[in-house]
Amino acid sequence: MNDLSCVGVTKKFGDFTAVRNVSLEVPPGSFFSILGPSGCGKTTLMRMIAGFETPSAGDIRIKGESVINLAPNKRNVKMVFQHLALFPMMNVGENIAYGLRCQGEQKSEIPEKVRKVLDRVGLPGVEDKRIEQLSGGQKQRIAIARCMVLQPDVLLLDEPLGALDLKLREHMKIELKQLQERFETTFLYITHDQSEALVMSDQVAVMNAGGFEQIGSPRALYDDPVSGFVAGFVGDANVLPGTIDEVRGGEARVILDGGGAVLARLADDSNTGDRVEIFVRPEALRIGGDNGSGSLSGKVDSLLFNGAASRILVRLDTGQLVEVADGDQASEVSAHDAVTVSWQPDRSRIFVRRPGA
Amino acid sequence: MSRDAGRLSLILLFAPFALWIGLLIILPQIGIGYISLREKVGINEYEFGFKNYADFAQAAVYRNTLFRTAWISILVTMLALVLGFPISYYIAKIARERSRAALFLMCLIPLWVSDLVRAYGWIVLLRETGVVSTALVSMGVINEPIEMLYNDVTVIIGLVYTVILFMIVPLVSTMQGMDDSLLEAGFNLGGSRLTVFRRIVVPYAMPGIVAGCIIVFMITAGSYLTPVLLGGKNSSWFTEQIYNQFITRYNWEAGATFGVLLLLFTSLVVWLGLRLTGQSLATTVAKDT
């Protein structure tokens with residue numbers, strides 16, 4: 001039985017539909033992320049699961065039982081808030097004990113439980129510290145400990161890394177993943193940062209304009225996006241707009257807007273004459289030769305050195321700038337060299353043009 | 001800017017405050033304290049001593065008036081807190097952004113009318129031939145007009161009405177700083193409405209509660225017009241005694257003594273209140289946020 005399932009959940013605020021017919025299944029013990037741009041409805045969805053909003057339609061089940069009619073304080077889902085919402089008037093120990101006391105835990109057992117959970121998040125002995133004495137990363141862990149001490153069925157995390165600086169954020173990503181494995185609890189993580197979602201999650205749901213675009217493993221989202229939105233939002237991609245000239249089986253010849261014809265793989269039911277976009281990952285692009293797509297000529301604009309993640313920026317003759325992560329070539333070319341770029345059609349995707357693009 | 005110029009601007013900025021505190025508060029209090037220690041032994045003959053205080057201790061009527069004033073002031077403070085808290089909570093947390101300013105303004109409007117006029121407003125409403133009494137008679141609820149002035153209940157109602165604003169302002173400003181997610185976290189972790197209120201809202205609002213209570217208590221205990229006008233002869237309000245000593249009997253020594261005693265006693269009550277509720281000024285009113 002799944003820890004959390006949503007069936008056709010919809011939320012309307014007046015005429016505005018914030019969440020549209022969303023269904024998801026989160027298996028026990030998994031790290032599930034909902035990834036989407038701000039305003040896509042992911043926070044509303046999380047607030048419905050926590051019970052702060054009531055769905056206009058659909059059902060939310062925790063461990064198979066509907067919680068639609070349960071008040072927030074009766075649901076066994078705990079939440080780590082965006083700004084953590086640690087109680088400033090209580091010290092660390094009292095913050096963690098708060099939930100235990102609400103549950104009517106035996107007074108004598110509370111200190112022991114608090115001590116244990118602080119051990120597990122790697123902050124032993126900080127019970128008497130005041131909240132403002134903690135660093136950003138420590139607050140994060142206390143917020144998680146405060147929830148985990150109650151042994152929730154599902155832990156909800158609402159962009160908790162957003163307020164941290166970059167270095168700490170990178171560190172906390174790994175730490176969160178480890179904590180999740182240590183506690184063996186289902187995490188439902190909300191973020192607009194695709195790298196957070198890709199690094200930590202077992203499953204990611206990509207959300208756009210109130211609905212799910214795709215649910216899958218990070219690899220599936222990256223390698224096999226089902227829509228232009230997913231292809232553009234998850235990972236880096238070069239986007240080449242054009243019009244389909246001819247469909248050949250699973251591939252199509254596309255006349256680019258700025259001129260030039262290339263071959264790429266069709267990923268939706270676009271047909272001859274449709275205005276489309278070709279998505280190619282930087283690492284799929286090759287400098288020189290022809291890898292089957294037909295080559296596009298241009299000039300090296302600049303080299304962005306960043307160790308293993310070095311990029312070559314190429315200004316195509318169409319005027320468009322593309323990023324190439326061709327490790328072998330990075331040291332061979334220099335700025336202003338005339339080059340050609342191409343790719344294996346298999347490693348590109350054609351989607352119908354996104355609205356506004 | 002040179003150091004001297006910096007120091008000069010500091011002095012200039014500080015001067016009005018220092019003058020105000022020094023000339024209008026400290027100096028008069030020293031004067032009052034000095035007069036209260038002066039014993040009249042003959043015409044224009046004075047000695048120093050505590051006779052005035054001893055006289056006060058002996059006269060039960062003055063002592064009781066002081067206790068009664070403090071007691072009613074405490075009651076008024078409690079009522080203002082109980083009534084003001086939900087109003088403040090509504091303004092700070094429930095009302096929409098746009099109506100918040102309007103609601104706050106509505107609380108301020110009574111201040112635009114003088115104390116005296118407001119007290120007479122109550123008299124118009126509550127006297128025997130007043131609006132309330134007449135309305136009740138004409139509706140047949142009561143048979144003959146009743147006098148609703150000149151009793152403790154009326155005095156308390158009038159005082160609460162006068163001072164509640166000073167409870168609401170600090171409460172609203174403290175609670176406005178409270179992030180909604182604190183309340184949601186309180187519920188999310190399993191707290192009932194009562195638990196969230198008791199363990200999160202009240203502790204968070206404590207600086208505002210303490211500030212509001214002290215202000216309201218001090219204003220009430222030192223108020224003069226409202227208890228005298230609404231309570232009439234029976235009000236036995238301590239400030240009335242001070243007025244009587246100074247103005248009616250021209251006994252400045254006794255009046256000054258009463259003044260000092262009122263200050264000391266109300267300060268004692270505030271101190272006791274802080275001790276009994278386990279609060280201190282450092283962790284509430286003077287807390288840096």
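Let's start with chain B, which has twelve helices and two strands. Keep in mind as you look around that this is a predicted model. If you walk along chain B from the N terminus, the elements come in the order α-β-β-α-α-α-α-α-α-α-α-α-α-α. So where are the two strands in that run? They come right after the opening helix, and helices follow from there on. As for its extent, the C-alpha trace of chain B spans about 80 × 75 × 35 Å along its principal axes.

Now zoom in on two helices of chain B, α8 (residues 180-188) and α9 (residues 193-221). Before looking at them, here is a handy bit of background: two packed helices are described by the angle between their axes and the distance between the axes. For α8(B) and α9(B), the axes come within 10 Å and cross at roughly 160 degrees. How do the two helices run relative to each other, parallel or antiparallel? Angles over 145 degrees count as roughly antiparallel, and α8(B) and α9(B) are therefore roughly antiparallel to each other. Their crossing is right-handed.

Which residues make this meeting happen? From α8(B) you'll find L182(B), L183(B), G186(B) and F187(B), and they meet V196(B), I200(B) and Y204(B) of α9(B). Sorted by class, this contact has six nonpolar residues, one polar residue and no charged ones.

These two helices turn up again when you look at how the chains touch. In that contact, 16 residues of chain B are paired up with 17 residues of chain A. On the chain B side, the elements giving two or more residues are α8 and α9. Which element gives the largest share? That is α8(B), with six residues. The mix of classes on this side of chain B is seven nonpolar, six polar and three charged residues.

Time to cross over to chain A. Chain A is divided into domain 1, covering 4-228, and domain 2, covering 236-352. The centres of these two domains of chain A, taken over C-alpha atoms, are separated by 38 Å.

We'll begin with the strands at the start of domain 1. A quick reminder first: strands of a sheet pair through backbone hydrogen bonds, either parallel or antiparallel. Strand β1 (residues 4-13) and strand β2 (residues 16-26) of chain A run antiparallel and are joined by seven bridges. To see one spot in that pairing, find K11(A), which stands opposite V19(A) in β2(A). The two strands form a hairpin with two residues between them, and in the turn G14(A) has a positive phi of about 65 degrees.

β1(A) has another partner too: it pairs with strand β4 (residues 57-62) of chain A in the antiparallel sense, over five bridges. Along this pairing, L4(A) has I62(A) as its bridge partner, while S5(A) is matched with R61(A). R61(A) also has a bridge partner in β5(A), namely S66(A). That belongs to the antiparallel pairing of β4(A) with strand β5 (residues 65-66) of chain A, which has two bridges. Here again there is a hairpin with two residues between the strands, and K63(A) takes a positive phi near 50 degrees.

Next comes an open sheet of six strands in chain A, in the order β6-β7-β8-β3-β9-β10, with mixed pairing. Which strands are at its edges? They are β6 (77-80) and β10 (211-216) of chain A, each pairing on one side only. On average, neighbouring strands of this sheet are turned by 20 degrees against each other, direction ignored. Inside the sheet, β3 (residues 31-35) and β8 (residues 186-191) of chain A run parallel and share five bridges; L35(A), for instance, has T191(A) as its bridge partner. Lying across β3, β6, β7, β8 and β9 of chain A is helix α1 (residues 42-50), which runs at about 150 degrees to β7(A).

Our last stop is another open sheet of chain A, with five strands in the order β15-β19-β16-β17-β18 and antiparallel pairing. β15 (286-287) and β18 (321-324) of chain A each have a single partner strand, so one side of each is left without a neighbour in the sheet. Within this sheet, β16 (residues 296-304) and β17 (residues 311-316) of chain A pair over six bridges, and K299(A) has R315(A) as its bridge partner.

Conventions:
Residues are numbered from 1 along each chain as its sequence is written. Chains are lettered from A and ligands numbered from 1 in the order in which they are written. This is a predicted model: local features need pLDDT of at least 70, side-chain atom pairs count only at pLDDT 80 or more; totals for chains, interfaces and linings use all residues. Axes are lines fitted to C-alpha atoms, for helices over the stretch in contact, and angles run from 0 to 180 degrees between N-to-C directions. Helices (H or I, at least four residues) and strands (E, at least two) are DSSP runs, numbered from the N terminus. Angles under 35 degrees count as roughly parallel, over 145 as roughly antiparallel, 65 to 115 as roughly perpendicular and the rest as oblique. A crossing is left-handed if the near helix is turned anticlockwise from the far one by less than a right angle, and right-handed if clockwise. Two residues are in contact if their C-beta atoms, placed from the backbone, lie within 7 Å. Ala, Val, Leu, Ile, Met, Phe, Trp, Tyr, Cys and Pro count as nonpolar, Asp, Glu, Lys and Arg as charged, and the others, Gly among them, as polar. Two strands pair if DSSP finds at least two bridges between them. Domain bounds come from an automatic or database domain assignment.
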